[in-house]
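Let's take a walk through this one together, starting from a single residue and working outwards. Have the viewer open as you read.

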Amino acid sequence: MEKFKKYIKELFESGEIEGFLGIRKNGLHPVPHLFTPEHPEELETLTIPDVRYPMTEILLTIVRKYPDKKLGIMVRGCDERALNELVKNQKILPELIKHIGIACSADLAASCRCAQPYPEEIHYGEKVAPVEDRSDIEAIDTMPQEERFDYWMSEFSKCIKCYGCRNICSMCFCDQCTLEDNDLIATGQAPPAIPIFHLIRAFHMAGRCIDCGLCEEACPAHIPLRTLYRKVRESMSGFLGYVSGTEGGEKDPLEFLGSEGYMVPSKIDEK
Amino acid sequence: MTNSVPEFEDADCILITGSNTTSSHPLIASRIMKAKEKGAKIIVVDPRKMHIASLADIYVAQNLGSDVAWINGLMRIILQEGWENASFIKERTEGFEELKKAVAEYTPEKVEEITGIPKETLKEIAKIYATSEKSSIVYCMGITQHATGTDNVKSLANLAMLTGQIGRPSTGVNPLRGQNNVQGSTDLAAIPNVYPGYQPVTDDAIREKFEKAWGVPLSPDPGLTVVEMINAVEEGKLKGLFVLGENPLVSDPDSNHVEKALDAIDFLVVQDIFMTETARKADVVLPGASFAEKDGTYTGTDRRLQKIRKAVEPPDEAKADWDVLCRVGKAVGGKGFEFASPEEVFREIAEVMPIYHGITYDRIEKEIIHWPCRSEDDPGSPYLHKDGFAKGKGHFTPIGYKPPVELPDKEYPYQLTTGRLPFHYHTGTMTRVSPSLTHEVNEAFIEVHPTNAFEIGVKNSQVVRLTSRRGSVNAKVIITNDVKKGVVFMPFHFAEAAANRLTIAALDPIAKIPEYKVCAVNIEKIEESEA
């Protein structure tokens, strides 16, 4: 850990980064924090706990405010997949963002069922084996169609429209959110319109979801959102050969629709 | 709550009444959903078919204010079928014979007539609740906000004791408290008849203890409750009011009456984090710090203490409540306000409150502690009444059904009940300043049964005028089967069309809680030209 802190300090001193998004200990409480060269003493509180935060989502907020700053960010395997996708979608400039890699512990990888629990370059921790687990998708794929339909309808009926799934998602970077479009989903109702609220989100996750699972962890209604998006993710790679989260290359093939593809056509709007 | 929040997950039956759980307590609803996934039966008894009702195994709508009747009816069935817990009754309770006598007249037929609950459904509920291994009762304002609120709560306590569904994990009688720290503020005696830790002001020994601790003489008489204070202003007995984090102009019943009193008062101070309707009437407004801007502790609905830590500085002149109060205390020449930090305040709290005595900041950093926690080596109490009740034996109270204070008549033929929406909190002080929440809903409406909408001659989204004996407001109509015929529901978040201009200030004789949940109203269509 001391070596890690020293490494960040050196990055500050050399001017390679002007801020580092990591996690600090506040009492016994780990919280995300933007460390800066102006306060190197804060690095004493730097910690790498076995819990996750939506670091790339927080990074986006910082980048919107300081678009020209060179920033370091603590990345796990999932965070790196998110950053790759954000670069392809022109939400961040790769030359301004330095990945400071953390390999997840075997415990964390197991609890996340993570297919790639480490980033490309590791600055802290030891690489552990990926977890290949499709049991959640298989359990639903083997249900008779009618039962499967009832299963999802009943899961969606638990939704309290807290937007937790969207708010924690670093792939939800649109300026305007279709889920808030009154013409598609009536406002003021919980559960929100079934199943369209969740299907819109699932469709938008196609070609974007990097399978971090934070949405499902955040959901107070315990809707198995990750299973839904994993299935969509599989379909994207199966039908269109696109695996989101991989570095470089083409953008999500559904992007040919353009940013307006997600909006309500103006004709409907006028009614 | 007699039990702690995580325990819900392991219950076999959860009986929810008068609680819009998914809206008002979503994280508790989430535990209840987990219990359901593990096989627990969820029963909802509520006049309005809310979200949690649609997720329940059994849902039934009772008539407004008929709770004592259906709970007595359940107990009569339980006794008749032999589903009571005889050893629990014998060893842990007193007054059983009187209870038995009192519930005898509540036959399923009579209960169906009073409550509208079909007798078959009542029996099914009685069986599942009484015969499940671990049954838990969840209730909220739908039970308490009645002139018979205390009766309703005692009836639920009778039911839990009769079946021995109390004093064990995942059982109990569990009122869900609203604000994050409302339990803490009650513990700290923001009620007029006790000192901190529920120590009665009328007890000489206790009063002496506090006189010694605070170095001042104290009154042996209980003070006034909220609605009584407003009445005292009107009677000229109360000249000044210091309101902290509350918006009585919108949240108290019979708002027109409250407004008159606040206009007449000599001196009004309001301390809040945002400008409120009440604060606009104040002589002095003191800006408070929000949860993220201060250090301290919160005591949650299940008596668990948690530390909060300042994340950002309060804006401008805003200050933490304890700091403001200490400054005011010192300014009026009071002694004992020389605290340097919330931790110092907490040390005094633990000193004078036996139920918090073993709790320190250091401990709650590392441990999960629910009060009572009486010494440093006491692990605290996730659930209460394990080996005995506070007074030794649990006392059954025989209770008879009393109808609501104001019943519908020719002039006011509909029954109004009030409540909350998932997107707003209370009078909207905190939520109506949020763009994403106001995007969801930002105006008052009423829910009306299709038959009544036809009768009144209104369509969805048309505006109607609601009138009670106390006032009148306009609101948009939503036609729905979620309310019974004759009942209208109105959320009370919206000051510009405040449901509380209509509600009645009839008080429960013991708790002094107002009957927000039932009053009589008339509904009139507003002609296009008027609207």
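Leaving aside its neighbours within four places in sequence, which residues is Thr45(A) in contact with? They are Arg24(A) and Lys25(A), where contact means that the C-beta atoms, placed from the backbone, lie within 7 Å. Before going on, a word on ground rules: this is a predicted model, in which local features need pLDDT of at least 70 and side-chain atom pairs count only at pLDDT 80 or more, while totals for chains, interfaces and linings use all residues. Residues are numbered from 1 along each chain as its sequence is written, with chains lettered from A and ligands numbered from 1 in the order in which they are written.

Back to Thr45(A), which sits in the loop between strand E2 (29–35) and helix H2 (55–65) of chain A. Those labels are DSSP runs numbered from the N terminus: helices are H or I with at least four residues, strands are E with at least two. Thr45(A) counts as partly exposed because it has 16 C-beta neighbours inside 10 Å; 20 or more other C-beta atoms would make a residue buried, 12 or fewer exposed, and partly exposed is in between, with C-beta atoms placed from the backbone.

Now for the sheet. In chain A, four strands form an open sheet in the order E2-E1-E3-E4, with mixed pairing; two strands pair if DSSP finds at least two bridges between them. E2 and strand E4 (97–101) of chain A are the edge strands, each pairing on one side only. Strand E1 (residues 19–26) of chain A runs antiparallel to E2(A), and seven bridges join them. Arg24(A), one of the contacts of Thr45(A), stands opposite Val31(A) in E2(A).

Zooming out, an automatic or database domain assignment splits chain A into domain 1 (2–112) and domain 2 (135–270). Their C-alpha centres lie 27 Å apart, and each domain puts 15 residues into the contact. On the domain 1 side, H2 and helix H3 (77–88) of chain A each supply at least two residues. H3(A) gives the largest share of that side, seven residues.

Finally, the partner chain: 18 residues of chain B are in contact with 17 residues of chain A. Elements giving two or more residues to chain B's side include helix H1 (21–24), helix H2 (26–37) and helix H19 (435–440) of chain B. H2(B) gives the most, with five residues.

Key. Contact = placed C-beta atoms within 7 Å.
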